[in-house]
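Please open the structure in a viewer and keep the selection tool at hand. The tour proceeds by selecting a few residues or elements at a time and describing what is found there.

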Amino acid sequence: MAKLIECIPNFSEGRNQTIIESLVKIAKNVKGVTLLDYSSDSSHNRSVFTLVGDEDGIQEVAFQLVKYASENIDMTKHHGEHPRMGATDVVPFVPIKDATMTECIAISKNVAKRINDELQIPIFLYEDSATTPERKNLAKVRKGQFEKMPEKLLEEQWAPDFGERKIHPTAGVTAVGARMPLVAFNVNLDTDNIEIANKIAKIVRGSSGGWKYCKGIGVMLEGRNIAQVSMNMVNFEGTPLYRAFETIRFEAKRYGVSIIGSEVIGLTPAKALIDCAEYYLQIEEFDYDKQVLENHLLN
């Protein structure tokens, strides 16, 4: 079987169904690629696709999706709760089967170069593809977002890895990279006070002294009139989901706020959820490899 590589492009569009459906159509019609999942959120105004494919197919589908997004998503008119800097905000590649991180880094650079050569969108390489330590963290790369990116690109240390020091006028800037699997995990609070979510996010995220492998921000879900702690768990074994969840529960109590639910965006490794089950059920001497039925069926 050919090597399998995952790609999870994030698009700055979660409301226009025509654009979203067109992206889905492209994703389903590239040879050697399977669209595993996609989800859209109107409050975030963002869509996340999960694709898996061989080396050639995954590069082609990534480019075709970025091309369509650049032609149909106008960042000068974009508003949403999620930080963003481009029509296609981020394009990560993840090794899945018989693929290495080195190969995914090479793929990310190939795709980044093609995007810039053919679409004139400046590219930052991030995570394992990053060319400097400062560019490894997506939050640092994206800081300033679309509106302040023209000035940021002129700063000495923020020349794009591919392209000139100017944004694409409507498609902005895109981050492309290679990384290990992460879990997009959000926790919803029974309050409409976004400041509470912001304060809790600051406590839970690693960059401000919280859990090392957690990135988090507070966002407002306008459609439900509730605040949310939105997180990327970049290493679910280093910082399990339940640990972030319980920290949020604990910190929310000081404001008289409770958790009303959580959500996983896109796909997640099974172990991330099974680790939560093991924790909350207090299963003694649990063996993930031997006691999960599906593991026997797949091995």
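Begin by selecting Glu127, which is buried, with a relative accessible area of 14%. The model on the screen is a predicted one. Glu127 belongs to strand E6, which covers residues 123-127. Now display the surroundings of Glu127, leaving aside its neighbours within four places in sequence: the residues in contact with Glu127 are Arg135, Lys136, Ala178, Arg179 and Lys215.

Keep Glu127 selected and add Asp128, Lys136 and Lys215. These four residues are linked in a network of salt bridges. How many salt bridges does the structure hold? The total is 18. The next three stops each show one pair joined in this way.

**Arg84 and Glu147**

Select Arg84 together with Glu147. The two residues form a salt bridge, and their closest N and O atoms are 2.7 Å apart. Why does this pair tie together parts that are 63 residues apart in sequence? It does so because Arg84 lies in the loop between helix H2 (55-72) and strand E5 (88-97), while Glu147 lies in helix H5 (residues 145-152). Is Arg84 buried or exposed? With a relative accessible area of 4%, Arg84 is buried, as this is under the 20% limit for that class. Glu147, by contrast, is partly exposed, with a value of 47%.

**Asp275 and Lys271**

Move next to helix H8 (residues 270-281), in which both Asp275 and Lys271 lie. The two are four residues apart, which is about one turn of the helix. Their side chains form a salt bridge, with 3.1 Å between the closest N and O atoms. Asp275 is buried, at a relative accessible area of 13%, whereas Lys271 is partly exposed, at 24%.

**Arg254 and Glu251**

Select Arg254 and Glu251, whose side chains meet in a salt bridge of 3.5 Å from N to O. Arg254 counts as exposed, with 58% relative accessibility. Its partner Glu251 is buried, with a relative accessible area of 14%.

**Helices H1 and H2**

Now hide the side chains and display helix H1 (residues 17-28) and helix H2 as ribbons. Their axes come within 9 Å and cross at roughly 160°. H1 is therefore roughly antiparallel to H2, since the angle is over 145 degrees. The crossing of H1 and H2 is right-handed.

Restore the side chains to see which residues meet. From H1, these are Thr18, Ile19, Ser22, Leu23, Ile26 and Ala27. They face Val61, Gln64, Leu65, Tyr68, Ala69 and Asn72 of H2. The residues of this contact comprise eight nonpolar and four polar, with no charged residue.

**Helices H2 and H3**

Keep H2 on display and add helix H3 (residues 101-119). Here the helices pack at an angle of about 35°, with their axes 10 Å apart. The crossing of H2 and H3 is right-handed.

Which residues of H2 meet H3? They are Glu55, Gln59, Glu60, Ala62, Phe63, Gln64, Val66, Lys67 and Ser70. On the H3 side, select Ile107, Asn110, Val111, Arg114, Ile115, Glu118 and Leu119. The contact of H2 with H3 divides into seven nonpolar, four polar and five charged residues.

To end the tour, colour both contacts by residue class. The contact of H1 with H2 has no charged residues, whereas that of H2 with H3 has five.

Terms used: Residues are numbered from 1 along each chain as its sequence is written. This is a predicted model: local features need pLDDT of at least 70, side-chain atom pairs count only at pLDDT 80 or more; totals for chains, interfaces and linings use all residues. Side-chain values use heavy atoms; hydrogens and water are left out. Buried means under 20% relative accessible area, exposed over 50%, partly exposed in between (1.4 Å probe, protein chains only). Axes are lines fitted to C-alpha atoms, for helices over the stretch in contact, and angles run from 0 to 180 degrees between N-to-C directions. Angles under 35 degrees count as roughly parallel, over 145 as roughly antiparallel, 65 to 115 as roughly perpendicular and the rest as oblique. A crossing is left-handed if the near helix is turned anticlockwise from the far one by less than a right angle, and right-handed if clockwise. Contact means heavy atoms within 4.5 Å. Ala, Val, Leu, Ile, Met, Phe, Trp, Tyr, Cys and Pro count as nonpolar, Asp, Glu, Lys and Arg as charged, and the others, Gly among them, as polar.
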